[in-house]
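Me: I have a chain here and want to go through its pocket, its cores and a few odd residues. Can you take my questions one at a time?

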Amino acid sequence: GVYQAAASALLADDEVKALFDRVRQESGRLDLLVNNAALIHDELQEPLPFWEKSLAASVDLLDVGLRSSLVASYYAAPLLVEGERGLVVFTSAPGAVHYQYGPAYGAHKAGLDKFAADMAVDFRPYDVAAVSIWMGAVLTERLQQIIDSGPEFSYLDDIAESPEFTGHVIAALASDPDVLAVSGRTLIGAEVARKYGITDRDGRQPPSFRDLMHVEPANYQGRIER
């Protein structure tokens, strides 16, 4: 089916390697990598225990969301470190620290945050930063359909972020000469936007999950073993 085709395409490691080989040939450098791929079946969002959903609903998310982010970062890393400055971004969500859609979803989001924390350690000697960004409810066509399906979802209209919003946040981070100061951290996109004076396309300032849900990133820290 469509889901299987999408998952298979994102497991094509040779194609990912070929992409970065092409970047090297055509541009000779890489400044920014954004890992945003995910595959969330509608079924995964049903209010059922994980064993009552298909196994594919969980496995596909981990294969695409986590594995593809690792593979892309692996092949991008040599280009980034050769440039002696760069940024790797993982787009994540507060499911990393509270229950949402089941354990696979939580592991996906927490894994992305930990990728940023640990890759930052390896990248730091080369002045390459790695961060994870918690996006808000992104106003995609799919979310708009949910909002339009009933008045109980109208509140999402007030808190949703346009798809472009996180792009502006990432652009601001990539342009900041002091971005290494936040390398390894999980950042809340709405809070970063306030710091840089970024508003959404309608002039709104999206709320932070810290205020909406009383959650905050774990921001994993510990001893660095060498």
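Reply: What follows is a short run of questions and answers on this model, which is predicted.

Me: Start with the pocket. How much space lies in the largest pocket?

Reply: The largest pocket holds about 1,300 Å³ of space. It is lined by 41 residues, and those closest to its centre are Ile-40, Tyr-105, Gly-136, Ala-137 and Val-138.

Me: How do the residues of that lining divide into nonpolar, polar and charged?

Reply: The lining has 25 nonpolar residues, twelve polar ones and four charged ones.

Me: And which elements each supply at least two residues of the lining?

Reply: Strand E2 does, and so do the helices H4 (103-123), H5 (141-148), H6 (155-159), H7 and H9 (209-212).

Me: Stay with H7. Which of its residues are buried?

Reply: Helix H7 spans residues 163-175, and its buried residues are Phe-165, Thr-166, Val-169, Ile-170, Ala-172 and Leu-173. Around the axis they cover an arc of only 160 degrees, so they sit on the same side of H7.

Me: What do the buried residues of H7 pack against?

Reply: They pack against four strands, E1 (32-35), E2 (86-92), E3 (128-134) and E4 (186-188), and against helix H8 (189-196).

Me: Thr-166 is on that list. What about Met-135, where does it lie, and which residues is it in contact with?

Reply: Met-135 lies in the loop between E3 and H5. Leaving aside neighbours within four places in sequence, Met-135 is in contact with Asn-36, Thr-91, Ser-92, Glu-161, Thr-166 and Phe-209. Tyr-99 is 36 residues from Met-135 along the chain, and their C-alpha atoms are separated by 16 Å.

Me: Change of topic: the largest nonpolar core. Which of its residues touch the most other members?

Reply: Phe-20, Leu-80, Val-88 and Phe-123 do, in a core of 18 residues. Two or more residues come from each of helix H3 (55-82), E2, H4 and E3. H3 gives the most, with six residues.

Me: Is there a second core, and what does it include?

Reply: A separate core of 16 residues includes Leu-87, Val-131, Ile-133 and Val-179.

Me: Back to Phe-20. Which residues does it touch?

Reply: Not counting residues up to four places away in sequence, Phe-20 touches Leu-30, Leu-33, Ala-72, Tyr-75, Ala-76 and Leu-79.

Me: Now Pro-151. Where does it lie, and how far is its C-alpha atom from that of Phe-20?

Reply: Pro-151 lies in the loop between H5 and H6. Its C-alpha atom is separated from that of Phe-20 by 46 Å, and the two residues are 131 apart along the chain.

Me: Why does Pro-151 count as exposed?

Reply: Its relative accessibility is 70%, and exposed means over 50%.

Me: Last topic, backbone angles. What is phi of Glu-84?

Reply: Phi of Glu-84 is near 65 degrees, a positive value in a residue other than glycine. Most residues other than glycine have a negative phi. Glu-84 is found in the loop between H3 and E2, and it counts as exposed because its relative accessibility is 59%.

Me: And Asp-127, what is its phi, and where does it lie?

Reply: Asp-127 has a positive phi of about 60 degrees and is not a glycine. Asp-127 lies in the loop between H4 and E3. At 40% relative accessibility, Asp-127 counts as partly exposed.

Terms used:
Residues are numbered from 1 along each chain as its sequence is written. This is a predicted model: local features need pLDDT of at least 70, side-chain atom pairs count only at pLDDT 80 or more; totals for chains, interfaces and linings use all residues. Side-chain values use heavy atoms; hydrogens and water are left out. Buried means under 20% relative accessible area, exposed over 50%, partly exposed in between (1.4 Å probe, protein chains only). The arc is that of the directions from the helix axis to the C-beta atoms. Contact means heavy atoms within 4.5 Å. On a 1 Å grid over the protein atoms alone, a cavity is a set of points where a 1.4 Å probe fits but cannot get out, and a pocket is an open set with protein on both sides within 12 Å along at least five of seven lines; lining residues have an atom within 4 Å of a point. Grid points are joined across faces, edges and corners, and a volume is the space filled by probe spheres set on the points. Ala, Val, Leu, Ile, Met, Phe, Trp, Tyr, Cys and Pro count as nonpolar, Asp, Glu, Lys and Arg as charged, and the others, Gly among them, as polar. A nonpolar core is a set of buried Ala, Val, Leu, Ile, Met, Phe, Trp, Tyr and Cys residues joined through side-chain atoms within 4.5 Å.
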